Amino acid sequence: MSTRWYPIYQRGNPQLRVFLPNFWMKLIRSRDEQPKNIVTFSVSMQMTKYDVKNYLEKIYKLPIVDVRTRIEMGSTKRDQVYGYVTKNDDVKVAYVTMPKNVEFTFPDMFAKKDEAQKSEEKSLEDTKQGFKKFLERNKKRPGTPGWFSI
């Protein structure tokens with residue numbers, strides 16, 4: 001099941017053809033609190049629950065107990081000026097249940113942000129102090145406010 005365009009056969013050397021499906025899966029964080037053994041994916045609209053189960057079992061070798069899918073409707077917006085309606089694409093969401101002894105924790109990709117934020121705050125304070133010193137040095141300079149008194 002593929003909609004990709006492949007080059008047509010040409011005489012001569014046999015061509016290596018690899019037919020890839022248009023399936024994709026994206027791990028998403030669930031809005032509601034889920035048990036530790038349930039993982040949420042955003043999947044291609046063409047994928048069935050059996051495709052999701054086979055994909056995870058065969059490629060990633062994960063033990064899967066159950067897969068539930070639903071289609072989330074895209075949001076609609078009405079243009080204020082012209083009045084036309086636009087709609088975002090629908091998204092299929094798959095809830096994958098693993099055995100009870102398997103726990104999934106969402107990867108913490110931004111753990112080092114606290115250290116970076118502290119160093120950023122420190123550099124901001126250094127910049128403020130440097131600007132205050134600059135103002136003190138140039139307080140009596142001609143052309144700046146405060147040079148002459150009224």
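Colleague: Which residue in β2 is the bridge partner of L27?
Modeller: This is a predicted model. Strand β1 covers residues 25-28, and 4 bridges join it to β2. The two strands run antiparallel. In β2, L27 has as its bridge partner F41.

Colleague: How many bridges join β2 to strand β6?
Modeller: Strand β6 spans residues 91-97. It runs antiparallel to β2. One facing pair is I38 and T97, the latter in β6. The number of bridges that join β2 to β6 is 6.

Colleague: Is F41 in β2 buried or exposed?
Modeller: Start with the strand as a whole. β2 takes in residues 38-43, and 6 of its 6 residues are buried. Both faces are covered, with I38, T40 and S42 on one side. On the other side sit V39, V43 and F41, and F41 is buried.

Colleague: What share of the 150 residues of the protein chain counts as buried?
Modeller: Buried means under 20% relative accessible area. Strand β2 is mostly covered. For the 150 residues of the protein chain, the share that counts as buried is 15%.

Colleague: Is M45 buried, partly exposed or exposed?
Modeller: M45 is found in the loop between β2 and α1. Its relative accessible area is 35%. Buried needs under 20% and exposed needs over 50%. The value of 35% lies in between, so M45 is partly exposed.

Colleague: What distance separates the C-alpha atoms of M45 and N22?
Modeller: Along the chain, M45 and N22 are 23 residues apart. In space, their C-alpha atoms are separated by 9.9 Å.

Colleague: Which element gives the most to the lining of the largest pocket?
Modeller: The largest pocket has a volume of about 310 Å³. It is lined by 14 residues, and the closest to its centre are R29, E33, Q34, F104 and F106. One strand gives 3 residues to the lining. That top contributor is β2.

Colleague: What is the area of the nonpolar surface patch made by I59, Y60 and L62?
Modeller: I59 is found in helix α1, which covers residues 49-59. Together with Y60 and L62, I59 makes a nonpolar surface patch. Its area is about 300 Å².

Colleague: In what order do the elements of the protein chain run from the N terminus on?
Modeller: Count the elements before ordering them. The secondary structure of the protein chain comes to 2 helices and 6 strands. From the N terminus on, the order is β-β-α-β-β-β-β-α.

Conventions. Residues are numbered from 1 along each chain as its sequence is written. This is a predicted model: local features need pLDDT of at least 70, side-chain atom pairs count only at pLDDT 80 or more; totals for chains, interfaces and linings use all residues. Side-chain values use heavy atoms; hydrogens and water are left out. Buried means under 20% relative accessible area, exposed over 50%, partly exposed in between (1.4 Å probe, protein chains only). Helices (H or I, at least four residues) and strands (E, at least two) are DSSP runs, numbered from the N terminus. Two strands pair if DSSP finds at least two bridges between them. Patches are made of residues with over 30% relative accessible area and no salt bridge: like charges are joined within 9 Å, nonpolar side chains (Val, Leu, Ile, Met, Phe, Trp, Tyr) within 5 Å. Accessible areas come from the Shrake-Rupley method with a 1.4 Å probe; for residues, only the protein chains shown count as cover. A salt bridge is a side-chain nitrogen of Lys or Arg within 4 Å of a carboxyl oxygen of Asp or Glu. On a 1 Å grid over the protein atoms alone, a cavity is a set of points where a 1.4 Å probe fits but cannot get out, and a pocket is an open set with protein on both sides within 12 Å along at least five of seven lines; lining residues have an atom within 4 Å of a point. Grid points are joined across faces, edges and corners, and a volume is the space filled by probe spheres set on the points.
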